Amino acid sequence: MRHLMSPLDFSVEELDKLLALADDIEKHPAKYAHACDGKILATCFYEPSTRTRLSFESAMLRLGGQVLGFSEAGSSSAAKGESVSDTIRVISCYADICAIRHPKEGAPLVGSTKSLIPVINAGDGGHQHPTQTLTDLLTIKQKKGRLDNLTVGLCGDLKFGRTVHSLISALVRYKNVKFVLISPEELKVPSYIKEEVLDANGIEYKEVEKLEDAMADLDILYMTRIQKERFFNEEEYLRMKGFYILDPKKMALAKDDMIVMHPLPRVNEISVAVDDDPRANYFEQAQYGVYVRMALILTLLEVQV
Ligand code: CP
């Protein structure tokens, strides 16, 4: 039995296979419509979500399975003091696979230790969001045709943005990927990522504050929102909010084939005027999240189609 806690839990070869499966699912959905007949997915979400929870549920329903779960801690027995590991141990009796999101870093990992079924980290605090990374990798592969030889700009809240941490960890395994880290001083990528992931793998990167200074070099611009829920004080959040707003004027500085990605939700960091630009890919990215989660469910349940 396998769990998914980090994108690194899969080797590059396994990731290639999973992305190829997601591609086949997109092209031939009918082939997979009964692949999970009789199987149940539990979604245990202790933090709000639209995309991750609903795309997981959509994925299982499209595979012929069924879903159960809770979308806030207050409607589960966590409100009575039950531990995550007890909850997941019990959920193991009701479902075949479980996706868990929790505000505390490491909570899904703790839950997985007592689980009898595969557990998927659907986001743990400011730490990791591996299924968003699978979604991002699939989007890059489909839109750019490759995962190597890319200059990737990551912009916004690089300190608390768990999607950024997971994506950097995943992309450093591909050849000649460079990063431009675009953030205010206060929201820079944590030093453990710089030292243990970027420096340790000899990855070329630079840190800049102005988005305009980076635009022309990028193959991918990955925008993120300022993570309000992780700030200790409102005043600091309000100071950071609005630091970056991608608008048509800034888009004019970019390459014609650059793609804009965003894990969403968006607050105000991408102007709606950018949505109609053919380089804007964030809504398609959300769609790819369904195919890749279908592929992940099949992989972890070891279902052959
Ligand atoms: N991208 C993402 O994790 O979105 P949700 O918070 O809506 O799940």
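**Exercise A.** Work out where Glu302 is placed, and whether Glu302 is buried or exposed.

*Solution.* Start with the place: Glu302 sits in the segment after H11. Helices here are DSSP runs of H or I with at least four residues, strands are runs of E with at least two, and both are numbered from the N terminus. A quick heads-up: this is a predicted model, where local features need pLDDT of at least 70, side-chain atom pairs count only at pLDDT 80 or more, and totals for chains, interfaces and linings use all residues. Residues are numbered from 1 along each chain as its sequence is written, and side-chain values use heavy atoms, with hydrogens and water left out.

Next, look at the cover. Buried means under 20% relative accessible area, exposed means over 50%, and partly exposed is in between (1.4 Å probe, protein chains only). Glu302 has 62% relative accessibility, so the residue counts as exposed. Then check the backbone: Glu302 has a positive phi of about 55°, although it is not a glycine.

**Exercise B.** Find out what is said about the phi of Asn149, and in which loop Asn149 lies.

*Solution.* Asn149 isn't a glycine, yet its phi is positive, at about 50°. Now place the residue: Asn149 belongs to the loop between helix H5 (130-144) and strand E5 (150-155). Finally, Asn149 is partly exposed, because its relative accessible area is 40%.

**Exercise C.** Decide why Cys44 and Cys98 make no disulfide.

*Solution.* Recall the idea: a disulfide is a covalent bond between the sulfur atoms of two cysteines. The cut-off for calling one is a pair of cysteine sulfur atoms within 2.5 Å. The sulfur of Cys44 is 3.8 Å from the closest cysteine sulfur, in Cys98, so the two are too far for a bond. What about Cys93? Its nearest cysteine sulfur, again that of Cys98, is 12 Å away, and Cys93 is in no disulfide. Across the whole structure, the search turns up 0 disulfides. For cover, Cys44 is buried at 0% relative accessibility, while Cys93 is exposed at 56%.

**Exercise D.** Explain what the salt bridge of Arg162 and Glu47 ties together.

*Solution.* Begin with the rule: a salt bridge needs a side-chain nitrogen of Lys or Arg within 4 Å of a carboxyl oxygen of Asp or Glu. The side chains of Arg162 and Glu47 pass, at 3.3 Å from N to O. Arg162 is in helix H6 (residues 162-171) and Glu47 in the loop between strand E1 (40-45) and helix H2 (51-62), so the pair links parts that are 115 residues apart in sequence. Both ends are tucked away: Arg162 is buried at 8% relative accessible area, and Glu47 is buried at 9%. This bridge is one of 15 found in the whole structure.

**Exercise E.** Work out which helix gives the largest share of the largest nonpolar core.

*Solution.* A nonpolar core is a set of buried Ala, Val, Leu, Ile, Met, Phe, Trp, Tyr and Cys residues joined through side-chain atoms within 4.5 Å. The largest one has 59 residues, and Leu154, Ile168, Leu171, Phe179 and Leu296 touch the most other members. Helix H11 (residues 282-300) supplies the largest share, 10 residues. This core also takes at least three residues from each of domain 1 (7-128 + 286-300) and domain 2 (131-285), with bounds from an automatic or database domain assignment.
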